[in-house]
Structures are given as C-alpha cells and as structure tokens.
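Here are my notes on this one, jotted down as I went through it. Have the structure open while you read.

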Amino acid sequence: MTGITQHIKVSITVVVIFFLLNSCALHTASCSNNWSITGYFTPFETDYPALPKQSIYIEAVGKRRFSQQFLKATRVEGWGKTDEGWYLGYFSNKWHRSKQPLNADGQPLTTGSIATDRHYIKRGRQVMIPTLPDVMSQQMFTANDVGSAIKKQHIDIYTGEGKPAEKLSWKITGKQHTVCKL
C-alpha cells in the first residue's frame, strides 16, 4: 500500500468514526429549536487606531492609556490582547490584567467555549449546534462562560482571537438554530 493510499484510508476511517460518534451523540441528545447564536472573540490592540487614547485604571496595575476603540471592543467582548502581549479584561465593573483571556470561572477561554444562561444550559454541559455553518456544525461546545446579555435560549460562542475570529463570530451571529444538549 502506498503512503498516499494509506493516508487516504486513515483519513476516511477517521471521518467515518467521527460521523458515527456524532450521530450517536445526537440520537441521545435533547434537541430544541429557535436558539439565538452569537459569537465573541478577543480583539487585538494592533487592529485598532492608536488615537484617540483613553486613560483607565487596571486592578493591581494602575493607570494605563489605550486606544478608545480598542477599549470599547474589549469591554463588549470581555477581553482584549494588548500590544505588550498580555490580556486586558473588563468584568465586575473593573479592568483587569491576565496572561490569557478567562471565562467566568477564571479558567482560560478556548475555542469552543460557550456562554449560556445557566438556567437553560448548566455549566459544564456539552452541546452541538448542527445548524451552524461548515465544520462548526460537527463541533462539540462546552458551557463554561456567562455574559450579562446572554438570556434564555441564547448561546454566545467564543471563536478565538483577532480578525479571523471576529469574522467567524459575525458569520454565526443572528440566525435561529437547533441546539442539542448532550
């Protein structure tokens, strides 16, 4: 068997196993319709105009100055990555510094994290959203974040960092979806 043939055979086997696992998971899942899906991401300070600047107070750091547009985006999204490589977050009506963006439990945010209303989807619960575009329809998401605007049948999906993540967040925002709780 040639290397290419073997690679194709392994790839097909992986796809079939993935499909079967997801099919089985969806059959045992509790699915419901009419969920609002939005996306959130971590903006980079370098993606925003440097001026005008605004001074803010950061817990355990002190006063610092940042682009107003970067601060606005960071406040909306929860965390932003500064030019210096550390993360600036806004929660509990205060600015904070971290080595990485964090979820509501103080753990690192990862692609596939979702913010939910915990009355509808409990923390730690896994879900699939088969009506999402592309490969995201096959992705498993974990409820490990919350947001003040996330109420009832609304899920906010963390899409990652920078402009590509921002574009993806806009791609999935604003449509009604089916959500399957596993």
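1. Start at Met-128, which stands opposite Cys-180 in E11. That puts strand E8 (residues 126–128) alongside E11, antiparallel, with two bridges between them. Bear in mind throughout that this is a predicted model.

2. E11 has another partner: E1 and E11 also pair in the antiparallel sense, over five bridges. Here Cys-180 turns up again, since Cys-31 stands opposite Cys-180 in E11. As for cover, five of the six residues in E11 are buried, so the strand is mostly covered by the under 20% cut-off.

3. The two cysteines do more than face each other. Cys-31 and Cys-180 form a disulfide, with 2.1 Å between the sulfur atoms, and the disulfide count comes to one. In sequence the partners are distant: Cys-31 belongs to strand E1 (residues 30–42) and Cys-180 to strand E11 (residues 176–181), 149 residues apart. Which hand does the disulfide have? It is right-handed, because the torsion about the S-S bond of Cys-31 and Cys-180 is about 110°.

4. Is each end of that bond buried or exposed? Cys-180 has a relative accessible area of 2%, so it is buried. Cys-31 has 41%, so it counts as partly exposed.

5. Now the nonpolar interior. The largest nonpolar core has 14 residues, and Ile-37, Ile-129, Leu-132, Phe-141, Ile-155, Ile-157 and Val-179 are those with the most contacts inside it. Two or more residues come from each of E1, strand E9 (140–145) and strand E10 (154–161). As a general remark, nonpolar side chains tend to be buried together in soluble globular proteins.

6. Ile-37 is worth clicking on. What does Ile-37 touch, leaving out residues up to four places away in sequence? Its contacts include Ile-129, Leu-132, Ile-155, Ile-157 and Val-179, and also Thr-173, Gly-174, Lys-175 and His-177.

7. There is another core, lying apart from the largest one, with 13 residues. Among them are Ile-58, Ala-73, Trp-86 and Leu-88. Leu-88 is also easy to find from the strands, as Leu-88 stands opposite Arg-97 in E6.

8. That pairing belongs to a hairpin. Strand E5 (residues 87–91) and strand E6 (residues 94–98) run antiparallel to each other and share five bridges. The hairpin of E5 and E6 has two residues between the strands, and Ser-92 takes a positive phi near 55°.

9. On to the aromatics: how many aromatic pairs does the whole structure hold? The search finds six. One of them joins Tyr-48 and Phe-70, a tilted pair at 6.2 Å centre to centre with 55° between the planes. Tyr-48 sits in the loop between E1 and strand E2 (53–58), while Phe-70 is in helix H2 (residues 68–77), so the pair ties together parts 22 residues apart in sequence. Ring pairs also make a cluster of Tyr-48, Phe-66, Phe-70 and Trp-86.

10. Last, a closer look at Tyr-48 and its partner. Phe-70 is buried at 0% relative accessibility, and Tyr-48 counts as buried too, at 17%, because the cut-off is under 20%. Tyr-48 has a charged neighbour as well: the charged end of Lys-163 sits over the Tyr-48 ring, 5.7 Å from its centre.

How values were computed. Residues are numbered from 1 along each chain as its sequence is written. This is a predicted model: local features need pLDDT of at least 70, side-chain atom pairs count only at pLDDT 80 or more; totals for chains, interfaces and linings use all residues. Side-chain values use heavy atoms; hydrogens and water are left out. A disulfide is a pair of cysteine sulfur atoms within 2.5 Å. Helices (H or I, at least four residues) and strands (E, at least two) are DSSP runs, numbered from the N terminus. Buried means under 20% relative accessible area, exposed over 50%, partly exposed in between (1.4 Å probe, protein chains only). Rings of Phe, Tyr and Trp (its six-membered ring) pair if their centres lie within 6.5 Å; planes under 30 degrees apart count as stacked, over 60 as edge-to-face and the rest as tilted. A charge sits over a ring if NZ of Lys or CZ of Arg is within 6 Å of the ring centre and within 35 degrees of the ring normal. Two strands pair if DSSP finds at least two bridges between them. A nonpolar core is a set of buried Ala, Val, Leu, Ile, Met, Phe, Trp, Tyr and Cys residues joined through side-chain atoms within 4.5 Å. Contact means heavy atoms within 4.5 Å.
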